[in-house]
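Subject: Structure for your review

Dear colleague,

Please find below the structure that I am handing over to you. I would be grateful if you would read the notes after it with the model open.

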Amino acid sequence: MRKFLTSLVVAATVLVAAAPLRAGDAPETIRFGDVGFGFGTPFGVGLLAVADAKGFIADEFKGTPTKVEFTYFTGTGPAINEALSNGQLDFAAYGAVPNIIGKANGLDTVIVASYGGTTIFGAARPDVEIKSVADLKGKRIAIQKATIIHWALIQALKNAGLSEADVTIVDLKNADQLAAIAAKSVDAVFGADFLLPLETKGLAKVFYKSSAGGASGDGFGAFLVTDAFRNAYPEATQKVVNGFVRAATWVSDEKNRDEVFQIWSRAGTPVDVITKANEGTALKGKYNPRLDAFFTARYESGLAFNKEQKLTRRDVDLATWADASYVEKAIADQELDGFWADRDAAGADRK
């Protein structure tokens with residue numbers, strides 16, 4: 001946290017010295033950040049990765065000099081916060097826990113859409129008797145702290161009648177987690193579907209899937225823009241969200257399901273593994289971009305978690321941080337009214 005606060009101070013000095021964005025100008029380049037998985041050239045596994053691969057956002061700027069640039073951060077949410085603090089990104093899609101930390105520490109972000117849900121998996125060494133979350137008592141678990149995976153683990157422990165004090169959490173980045181469980185230096189690891197190939201290789205066995213208990217167990221996050229960018233380029237901001245909603249619409253169409261998984265496989269997880277990870281899951285419901293009551297309830301949970309974990313000290317007002325006008329305009333303009341459910345706080349369709 002101290003390192004992050006220091007970087008914010010440095011970034012503030014840099015940004016003051018930099019030329020301000022000029023309202024009304026068409027941006028030369030729009031810079032996007034997303035969580036990256038895989039080795040070599042990282043890629044994403046969500047809506048922004050689809051928008052990138054299919055050109056949904058780029059197409060909004062056809063015939064203009066504006067270019068789009070995507071970066072996938074293997075350092076996940078904390079690395080995206082660092083990039084935002086250094087003025088290197090205009091938009092970002094990442095988990096609630098780190099983007100709440102960023103906002104609480106002064107990042108000028110505005111939530112413009114939900115990035116959908118993230119299925120979280122728990123995998124254990126095959127030589128350790130772990131068949132459920134309850135069996136994690138006394139065990140060493142690898143996660144990257146201050147991420148939505150961290151939130152998911154704590155929620156799973158609470159639901160199983162355990163607390164953080166009942167386990168030992170080992171803070172490791174994704175690649176290091178895989179190495180740790182292979183070396184048997186931890187008993188289990190929590191993460192996204194990048195863990196599933198471990199089971200195929202016989203290095204781990206999956207014992208937990210967040211969506212098995214309903215959507216409320218899945219990870220969550222948002223698509224955000226910097227306040228400076230949206231103030232300088234309101235039309236460009238709307239075009240970006242239009243493209244993001246087009247990506248969500250395309251993902252929601254079941255006839256595109258196989259191609260969606262092909263795109264996500266660029267992050268290094270085989271298509272058959274991604275297919276298995278999403279069995280029984282309707283992508284339309286999972287990747288609902290609306291900032292509805294369910295989204296709000298999930299983020300309130302994230303705000304409470306960050307306070308409980310002492311990841312943030314300052315309060316964040318979600319009502320002023322989130323601006324639903326962009327996503328709702330995109331939905332209306334694309335004649336998608338009623339396409340996605342307006343969910344209540346528990347995730348049930350209110351219509």
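The notes below go from the overall fold to the core, the aromatic residues and a few individual positions.

Please bear in mind throughout that this is a predicted model.

Overall fold

The protein chain contains 16 helices and ten strands. Its C-alpha atoms occupy a box of roughly 60 × 50 × 40 Å along the principal axes. For 351 residues, a compact globule would be expected to have a radius of gyration near 20 Å, and the value of 20 Å found for the protein chain agrees with this. Of the 351 residues, 55% are buried. Taking contacts between residues at least 6 apart in sequence, 79% join residues that are at least 24 apart. The exposed area of the protein chain is about 15,200 Å², of which carbon and sulfur atoms supply 52%.

The nonpolar core

In soluble globular proteins, nonpolar side chains tend to be buried together. In this model, the largest nonpolar core comprises 112 residues, and Leu136, Phe190, Phe223 and Tyr299 have the most contacts inside it. Helix α10, which spans residues 234–252, gives the most to this core, namely nine residues.

Tyr299 merits a closer look in the viewer. Leaving aside residues up to four places away in sequence, Tyr299 touches Ala96, Asn99, Ile100, Ile111, Phe220, Gly221, Ala222, Leu318 and Trp321.

Helix α10 also carries Asn242. With a relative accessibility of 13%, Asn242 counts as buried. Beyond residues up to four places away in sequence, Asn242 touches Glu60, Ala330 and Gln334.

Aromatic residues and charges over rings

The model has 18 aromatic pairs, counted by ring centres within 6.5 Å. One of them joins Phe32 and Phe70, whose rings are stacked with 4.8 Å from centre to centre and 15° between the planes. Phe32 belongs to strand β1 (residues 29–35) and Phe70 to strand β2 (residues 67–73), so this pair ties together parts that lie 38 residues apart in sequence. Phe32 is buried, at a relative accessible area of 1%. Phe70 has a relative accessible area of 19% and is therefore also buried, given that the cut-off is under 20%.

Which residues form one aromatic cluster with Phe32 and Phe70? The other members are Phe91, Phe223, Phe229, Tyr233 and Phe244. Phe223 was named above among the residues with the most contacts inside the largest nonpolar core.

Two rings have a charged side-chain end over them. The charged end of Arg266 sits over the ring of Phe43, at 5.3 Å from the ring centre. The charged end of Lys284 sits over the ring of Phe339, at 4.1 Å from the ring centre.

Helix α2 and Asp272

Helix α2 covers residues 47–54, and its residues Leu47, Leu48, Ala49, Val50 and Ala51 are buried. Gly55 follows α2 and has a positive phi, near 75°.

Is Asp272 buried or exposed? With 57% relative accessibility, Asp272 counts as exposed. Asp272 is located in helix α12, which runs over residues 271–277. Between Asp272 and Asp258 there are 9.8 Å in space, C-alpha to C-alpha, and the two are 14 residues apart in sequence.

With kind regards

Methods
Residues are numbered from 1 along each chain as its sequence is written. This is a predicted model: local features need pLDDT of at least 70, side-chain atom pairs count only at pLDDT 80 or more; totals for chains, interfaces and linings use all residues. Side-chain values use heavy atoms; hydrogens and water are left out. Rings of Phe, Tyr and Trp (its six-membered ring) pair if their centres lie within 6.5 Å; planes under 30 degrees apart count as stacked, over 60 as edge-to-face and the rest as tilted. Helices (H or I, at least four residues) and strands (E, at least two) are DSSP runs, numbered from the N terminus. Buried means under 20% relative accessible area, exposed over 50%, partly exposed in between (1.4 Å probe, protein chains only). A charge sits over a ring if NZ of Lys or CZ of Arg is within 6 Å of the ring centre and within 35 degrees of the ring normal. A nonpolar core is a set of buried Ala, Val, Leu, Ile, Met, Phe, Trp, Tyr and Cys residues joined through side-chain atoms within 4.5 Å. Contact means heavy atoms within 4.5 Å. The radius of gyration is taken over C-alpha atoms; the globule rule is 2.2 Å times the number of residues to the power 0.38. Accessible areas come from the Shrake-Rupley method with a 1.4 Å probe; for residues, only the protein chains shown count as cover.
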